[in-house]
Amino acid sequence: MFSRLPPSVMIALKSVLYLMVYVVAWLPYNAWQNMQESGQYNLYAWWPLFLIFAVLPIVDHLVGQDPANPTDEQVEKMSTQWWYSVLTVLVVPTQFVVLAFGAWVFVEAQQQFSLLGQIGWILSCGIVSAILAINVGHELIHKRNRIENWGGGLLYASVCYPGFKVEHVRGHHVTVSTPEDASSSRYGQSLYAFLPHAYKHNFLNAWKLEAERLRRKGLPALHWRNELIWWHAVSLLMMVAFATAFGWLGLVFYLGVSWMSFTTLEIINYVEHYGLHRRKLENGKYERTTPAHSWNSNYLLTNMGLFHLQRHSDHHAFPNRRYQVLRHYDESPQLPTGYAGMYLLALVPPLWFRVMNPRVEAYYKGEEWQLSAKQFEQAAKAHTV
């Protein structure tokens, strides 16, 4: 649909299309309006999930892929434009409003909701919070600007996953696509084998990394300068606030939404690096992270709603690049659809393996030793680029 547009026109159009994230933030309110107008509370409790996971993948393919890659000159110019930063920073207060509204509806509509409706509303608000808090938080925690960086921390604390701020930047980006990284899924590993290990490792590794940072400064791990203590305190305050404002139902809602949000994060981690490995060099270190070590998806519509998160290959190769200047690489391993479709596929391991394993095998044709985690760890020691 957009393939014939000049790149400069496409980039200008995309600067407006990034507002889609606020359309996502509006979905719970839209669902509430439909509940009131139709009286179908239990049906419309699932409305945001239906739009994101059923409608979006279809529209994604109808719209097609993004043909625009910024030139070096455009990258330099766009990287300093305030519009792109404002769009992400304003998501921080938006996330808190959406959480509060979702809790209010959850309590207000208790008489109309069945158990199925309650579950649907929590999951719907959870996926919206994942797109707001998890996705935008990911963009912000990579920034050195204090307002942006702290905004990212607040977003992750708002869904009870503050350790990701530390582990992702100092852990995942260092060890991605290696056996040491719990956020890089192995070839043949199901989502349900991946998730428990990811939850545990990423929580513990965040504290380990922060303790190491403080130790280098001559400080103990339990010190007021340990940022994880502050971010977890924010999460605890959020629990108290929801319990106080909305009662025990509000706390149930908040914890359920948080679980859905950070589980979505780990599902997307599973998708982004499935089966991809970095080779180990003769000096014992791993090769530099390149666009070959993340799965890419260049479908335009989802990328606009996710601030180019699906151009993940470029993000890992150049972590400090702002979302608006991330590029697509044809030579990177390509996903067959956008993240919404891949999310659903990952939930059904036999279908996931049927679709993704041939793609991994084709990508590593001639280097099949990389397809086994055990063989990888053994062979990598002696294998050179």
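The following conversation examines helix packing, pockets and cavities in a predicted model.

Student: Let us begin with helix 2 and helix 8. At what angle do they pack, and how far apart are their axes?

Tutor: Helix 2, residues 20-38, packs against helix 8, residues 115-141, at an angle of about 165 degrees, and the axes are 9 Å apart. Angles over 145 degrees count as roughly antiparallel, and the two helices are therefore roughly antiparallel to each other.

Student: Which residues make that contact?

Tutor: Helix 2 contributes Val 21, Val 24, Ala 25, Pro 28, Ala 31 and Met 35. From helix 8 come Trp 121, Cys 125, Val 128, Ile 131, Leu 132 and Val 136.

Student: How does that contact divide by class?

Tutor: The contact of helix 2 with helix 8 has 12 nonpolar residues, with no polar and no charged ones.

Student: And the crossing, left-handed or right-handed?

Tutor: Helix 2 crosses helix 8 in a left-handed manner.

Student: Moving on to helix 11 and helix 12: parallel or perpendicular?

Tutor: Helix 11, residues 191-216, and helix 12, residues 227-273, pack at an angle of about 105 degrees, with 9 Å between their axes. Since 65 to 115 degrees counts as roughly perpendicular, that description therefore applies to helix 11 and helix 12.

Student: What residues are in the contact there?

Tutor: On helix 11 they include Phe 194, Tyr 199, Phe 203, Trp 207, Glu 210 and Arg 213. On helix 12 they include Glu 227, Leu 228, His 232, Trp 259, Phe 262, Glu 266 and Tyr 270. By class, the contact of helix 11 with helix 12 comprises 14 nonpolar, four polar and four charged residues.

Student: What about helix 10 against helix 12; what is the angle there?

Tutor: Helix 10 and helix 12 pack at about 20 degrees, and their axes lie 11 Å apart. That angle makes helix 10 roughly parallel to helix 12.

Student: Who takes part in the contact?

Tutor: Phe 164, Lys 165, Val 166, Arg 170 and His 172 of helix 10 meet Glu 227, Leu 228, Trp 231, Leu 265, Asn 269 and His 273 of helix 12. These residues divide into five nonpolar, three polar and three charged.

Student: Now the pockets. How much space lies in the largest pocket?

Tutor: The largest pocket holds about 600 Å³ of space. It is lined by 33 residues, and the closest to its centre are Ile 52, Leu 56, Ile 131, Thr 302 and Leu 306.

Student: Which elements give two or more residues to that lining?

Tutor: They are helix 2, helix 4 (47-63), helix 8, helix 10 (164-175), helix 12, helix 13 (300-305) and helix 15 (339-346). By class, the lining of the largest pocket has 24 nonpolar, eight polar and one charged residues.

Student: And what volume does the second largest pocket have?

Tutor: The second largest pocket has a volume of about 460 Å³. Of its 17 lining residues, Asn 149, Trp 150, Lys 165, Glu 227 and Trp 231 are the closest to the centre.

Student: Which helix gives the most to that lining?

Tutor: Helix 10 does, with four residues. Helix 9 (146-157), helix 10, helix 11 and helix 12 each supply at least two residues. The lining of the second largest pocket divides into eight nonpolar, two polar and seven charged residues.

Student: Turning to enclosed space, how many cavities of 30 Å³ or more does a search of the whole structure find?

Tutor: The search finds two cavities of 30 Å³ or more. The largest cavity contains about 70 Å³ of space, and the second largest about 40 Å³.

Student: What lines the largest cavity?

Tutor: The lining consists of Asn 135, His 138, Glu 139, Leu 306, Phe 307, His 308, Leu 309, His 315, Arg 321, Tyr 323 and Leu 326. Helix 8 gives the most to it, with three residues. By class, the lining of the largest cavity has five nonpolar, four polar and two charged residues.

Student: And what lines the second largest cavity?

Tutor: Ile 11, Lys 14, Tyr 18, Pro 70, Met 78, Tyr 84 and Gln 324 line the second largest cavity. Of these, five are nonpolar, one is polar and one is charged.

Definitions and conventions: Residues are numbered from 1 along each chain as its sequence is written. This is a predicted model: local features need pLDDT of at least 70, side-chain atom pairs count only at pLDDT 80 or more; totals for chains, interfaces and linings use all residues. Side-chain values use heavy atoms; hydrogens and water are left out. Axes are lines fitted to C-alpha atoms, for helices over the stretch in contact, and angles run from 0 to 180 degrees between N-to-C directions. Angles under 35 degrees count as roughly parallel, over 145 as roughly antiparallel, 65 to 115 as roughly perpendicular and the rest as oblique. A crossing is left-handed if the near helix is turned anticlockwise from the far one by less than a right angle, and right-handed if clockwise. Contact means heavy atoms within 4.5 Å. Ala, Val, Leu, Ile, Met, Phe, Trp, Tyr, Cys and Pro count as nonpolar, Asp, Glu, Lys and Arg as charged, and the others, Gly among them, as polar. On a 1 Å grid over the protein atoms alone, a cavity is a set of points where a 1.4 Å probe fits but cannot get out, and a pocket is an open set with protein on both sides within 12 Å along at least five of seven lines; lining residues have an atom within 4 Å of a point. Grid points are joined across faces, edges and corners, and a volume is the space filled by probe spheres set on the points.
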